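Visitor: I have not seen this structure before. Please show it to me, and then I will ask how its descriptions are justified.

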Amino acid sequence: MKKFQASRGTVDVLPPDARRRLRLVEITGEVLGRAGYEPMETPVFEDTELFARGVGESTDIVQKEMFTFEDKAGRSLTLRPEATAGICRAYTEHGMHKLPQPVKVWTAGPFFRHEAPQAGRFRQFTQIDAEALGSDDPTLDAELILLLAEIFERVRTGPSRLRLSSLGTPATRADYIDELAAYLRAHEGELSEEVRGRLEQNPLRAFDADHPGTKAVMTDAPRLVDRLTTEDAEHFAEVRALLDAAGLPYEIDSTLVRGLDYYTRTVFEFVSERLGAQAALGGGGRYDGLVEELGGPPTPGVGWAAGVERMLMAAGPAEQDHGIDVFVAGTGRDAFVLVGQLRSSGLRTQMEQAGRSLKGQLKHADRLGARWTVILGDEIEVKDMDTGAQQRAESVDDVLGMVGA
Ligand code: HAM
């Protein structure tokens with residue numbers, strides 16, 4: 001018989017990890033909810049064209065990593081590789097630009113990228129994602145960054161560095177890329193072969209090179225943050241001033257390149273000091289042209305996404321199960337009814353459901369970490385599992401009183 005296994009790049013989330021994930025999403029809702037972000041959901045698959053246009057034709061995501069398929073009517077659909085494009089589509093489709101702005105939303109769920117799996121990189125992974133649409137106010141950029149930092153703090157992901165930059169407008173960026181390519185061409189002889197080969201396609205990659213000659217050339221290379229228009233530079237300065245005022249440290253990193261084409265102005269990424277090669281816990285930025293690019297009204301936007309698997313990897317192993325309040329050592333309808341009463345009064349209660357002997361049941365109660373064990377025999381006994389003291393109960397009401405129900 002064929003032995004089935006989870007598909008490459010996918011994982012089963014077993015207890016107690018699944019509980020930690022639920023808790024993480026709960027924390028996200030608490031933190032974002034206080035800042036006025038409402039939960040929202042979009043479909044797991046969308047028109048392929050939405051991602052091609054939204055994320056960008058030239059990105060690795062669109063070129064290589066999409067799970068694309070045809071439906072029975074021959075329409076091309078794609079499993080969502082990220083959330084922002086779908087949220088922007090929904091914003092336009094449901095006329096959300098007519099609501100008071102900004103519209104603040106968050107979502108969590110599965111995303112799909114056909115990447116080579118490795119530690120911290122999956123083909124199906126989970127993101128939490130927050131977006132603020134309809135305003136270019138720099139307090140939104142700063143607020144979102146601070147909220148993500150707060151979530152990391154609450155989830156205890158440990159130390160991370162915040163890399164921050166501004167990309168300006170697409171026009172600024174295009175001019176800058178021409179300038180950088182010209183600079184690299186002027187120093188062609190000092191560059192690694194690899195960088196030379198990609199010089200015209202993607203000169204920005206030269207900033208990532210390890211080659212000593214290339215690195216030396218790059219120290220004096222023109223930087224995009226120095227080429228921003230006055231308006232964009234002021235916007236960026238305000239985002240930084242707000243983060244300073246809030247006391248959140250960051251590094252200006254003009255080489256920060258994100259794998260999605262829609263960014264304008266602010267971009268950022270949190271990099272964990274606890275993770276290996278796939279160390280980006282989360283990132284995002286502003287996308288002031290995206291809604292319009294997708295056929296909606298001109299609408300600024302800013303947001304982020306963070307990888308749930310990576311956050312939990314950084315946070316370390318699951319804490320111990322908190323156990324149960326009461327174990328009912330007994331079988332049959334009396335036990336079953338008592339369990340129902342204890343649960344209704346809010347106590348986490350289990351009963352014997354696998355045919356163990358009384359001795360086995362007591363051992364099992366211990367293993368479950370029960371605070372109390374109720375032994376149903378000819379008489380009812382209530383055992384305090386902390387002290388070992390055992391007391392007779394006269395009635396079910398008596399039991400409820402003794403265990404604090
Ligand atoms: P992203 O940087 O592509 O941004 O993904 C955000 C986070 O998702 C990453 O930092 C990482 O933690 C996690 N992630 C991405 N790919 C994988 C993978 N293959 N396996 C495990 N985790 C992964 C976005 O997706 C943008 N939509 C963020 C955004 C929202 N920008 C504006 N609004």
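Guide: The shell around the ligand has 10 nonpolar, nine polar and eight charged residues. This is a predicted model, in which local features need pLDDT of at least 70 and side-chain atom pairs count only at pLDDT 80 or more, while totals for chains, interfaces and linings use all residues. Residues are numbered from 1 along each chain as its sequence is written, and side-chain values use heavy atoms, with hydrogens and water left out.

Visitor: What makes a residue nonpolar, polar or charged here?

Guide: Ala, Val, Leu, Ile, Met, Phe, Trp, Tyr, Cys and Pro count as nonpolar, Asp, Glu, Lys and Arg as charged, and the others, Gly among them, as polar.

Visitor: What makes a residue near the ligand, and which come nearest?

Guide: One of its heavy atoms must lie within 4 Å of the molecule. There are 27 residues around the ligand, and Glu 82, Glu 115, Phe 122, Glu 131 and Tyr 263 come nearest.

Visitor: Why is the pair formed by Thr 84 and the ligand called a polar contact?

Guide: A polar contact is a pair of N or O atoms within 3.5 Å; within protein, one must be able to donate a hydrogen and the other to accept it, and residues adjacent in sequence count only if both atoms are side-chain atoms. A polar side-chain atom of Thr 84 lies 3.1 Å from a nitrogen atom of the ligand, so the pair qualifies. For Tyr 262, an N or O atom of the side chain is 2.9 Å from a ligand nitrogen, and a polar backbone atom of Gly 307 is 3.1 Å from a ligand oxygen.

Visitor: How much of the ligand does the protein cover?

Guide: On its own the ligand has 660 Å² of accessible area, and the protein covers 96% of that. Such areas come from the Shrake-Rupley method with a 1.4 Å probe; for residues, only the protein chains shown count as cover.

Visitor: Which element gives the largest share of the shell?

Guide: β10 (280-286) gives six residues, the largest share. Strands (E, at least two residues) and helices (H or I, at least four) are DSSP runs, numbered from the N terminus.

Visitor: Why are β9 and β10 said to pair?

Guide: Two strands pair if DSSP finds at least two bridges between them. β9 (residues 264-272) and β10 have six, in the antiparallel sense, so they pair. Val 267 stands opposite Gly 285 in β10.

Visitor: What makes β1 and β8 edge strands?

Guide: The open sheet runs β1-β5-β6-β11-β10-β9-β7-β8, with mixed pairing. β1 (38-39) and β8 (251-252) each pair on one side only.
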